[in-house]
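Reader: I am new to protein structures. Could you walk me through this one and explain the words you use?

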Amino acid sequence: MRLASADDKSKLETYAREIASLEASLRGAEEATLQDPLTGVGNRRLFNEAIQKAVKDSNARKTPLSLIMCDIDHFKRINDTFGHSVGDEIIKALTRIIASNVRETDSVARYGGEEFAIILPGTGQQDAKATADRIRRQFGAKQFSIRKTNQKVGQVTASFGVVEHCPGDDEEMFVQRADAKLYEAKARGRDRVAGSGDPT
C-alpha cells in the first residue's frame, strides 16, 4: 500500500508539473498574440483591448484620458531608398524613444506599419501634447546611418495627433479624432504635433 501511495504521489507531482508547464505555454502564446514581433510593444489587437478598457475606466471614474497617434514622415521613401531593414531599425528607434517618455500606466501599440498609438490614462490634452512634442524632438534630433556601409540616412521626423477623450465618445470616435489630428499635422508640413483647439 505504501508503494502504491508513493507511486500515486509521484504521478500527481508529474501531472502538476505538466499542467504548470502547459499553463505557462498558454500564457506565453497569449502574450505573443498581443505583442508586435518587431518592436516588442503591443500590436493592434492589444490596442483595441486597451482603448476599450481605458475609455470605460475614464467614463466610470470621470478622469481625463488622452490618445496620441504618431506616424513616421516620408517612411515609404526611406524604405524605397535604403531598404526595409533600415526602415525596421528606424521604427525600433522610435519605439525606444516612445518607451522612455511614457509611464508604466500608459499603453503603447504599433497601430500599423510605421504608425503608433499611445494611450495616456489620467492625462489631459496639454500634458499629452507635451509628451508627444518631447518624443517628436528627441526622434527628430537623431541622425541615422547604415552601420555596415556608413551611408548616411540623416534626420527622420514624425508627426503626431493628440486628443482628449470627450464624454459620449466611443472608442471608434476617439481614435478617429486622434487620426484626424495626425493627418492635420501631416497636412500642415509634418514634424509637428496637432491637437484639438489648435489654430489651423
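**Reading the model**

Author: Happily! Keep in mind that this is a predicted model. The accessible surface of the protein chain is about 11,800 Å², and carbon and sulfur atoms account for 51% of it.

Reader: How many helices and strands does the protein chain have?

Author: The protein chain holds six helices and seven strands. Starting at the N terminus, their order is α-α-β-α-α-β-β-α-β-β-β-α-β.

Reader: Why are α2 and α6 called roughly perpendicular?

Author: Helix α2 (residues 44-61) and helix α6 (residues 171-187) pack at about 110°, their axes 10 Å apart. Angles of 65 to 115 degrees count as roughly perpendicular, and therefore α2 and α6 earn that description.

Reader: Which residues in α2 and α6 meet?

Author: On the α2 side they are F47, I51, Q52 and V55, and they meet E171, F174 and V175 in α6. The residues of this contact comprise five nonpolar, one polar and one charged.

Reader: What makes a group of residues a nonpolar core?

Author: Its members are buried residues of kinds such as Ile and Phe, joined through side-chain atoms within 4.5 Å. The largest nonpolar core has 30 residues, and I72, I90 and F139 touch the most other members. Helix α4 gives the most to this core, with seven residues.

Reader: What does I72 touch, not counting residues up to four places away in sequence?

Author: Its contacts include I78, I90, L94, F139 and V156. Apart from this core lies another one of 17 residues, including A50, M69, A109 and V175.

Reader: How much of the protein chain counts as buried?

Author: Of its 200 residues, 42% do; the cut-off is under 20% relative accessible area.

Key
Residues numbered from 1 in each chain as written. Predicted model: local features only at pLDDT ≥ 70, side-chain atom pairs only at ≥ 80, totals over all residues. Heavy atoms only, no water. Helix = DSSP H or I, 4+ residues; strand = E, 2+ residues; numbered from the N terminus. Buried < 20%, exposed > 50% of the residue type's maximum accessible area, 1.4 Å probe, protein only. Areas by Shrake-Rupley, 256 points an atom, 1.4 Å probe, with all protein chains shown as cover. Axes fitted to C-alpha atoms, helices over the stretch in contact; angles between N-to-C directions. Parallel < 35°, antiparallel > 145°, perpendicular 65-115°, else oblique. Contact = heavy atoms within 4.5 Å. Nonpolar A, V, L, I, M, F, W, Y, C, P; charged D, E, K, R; others polar.
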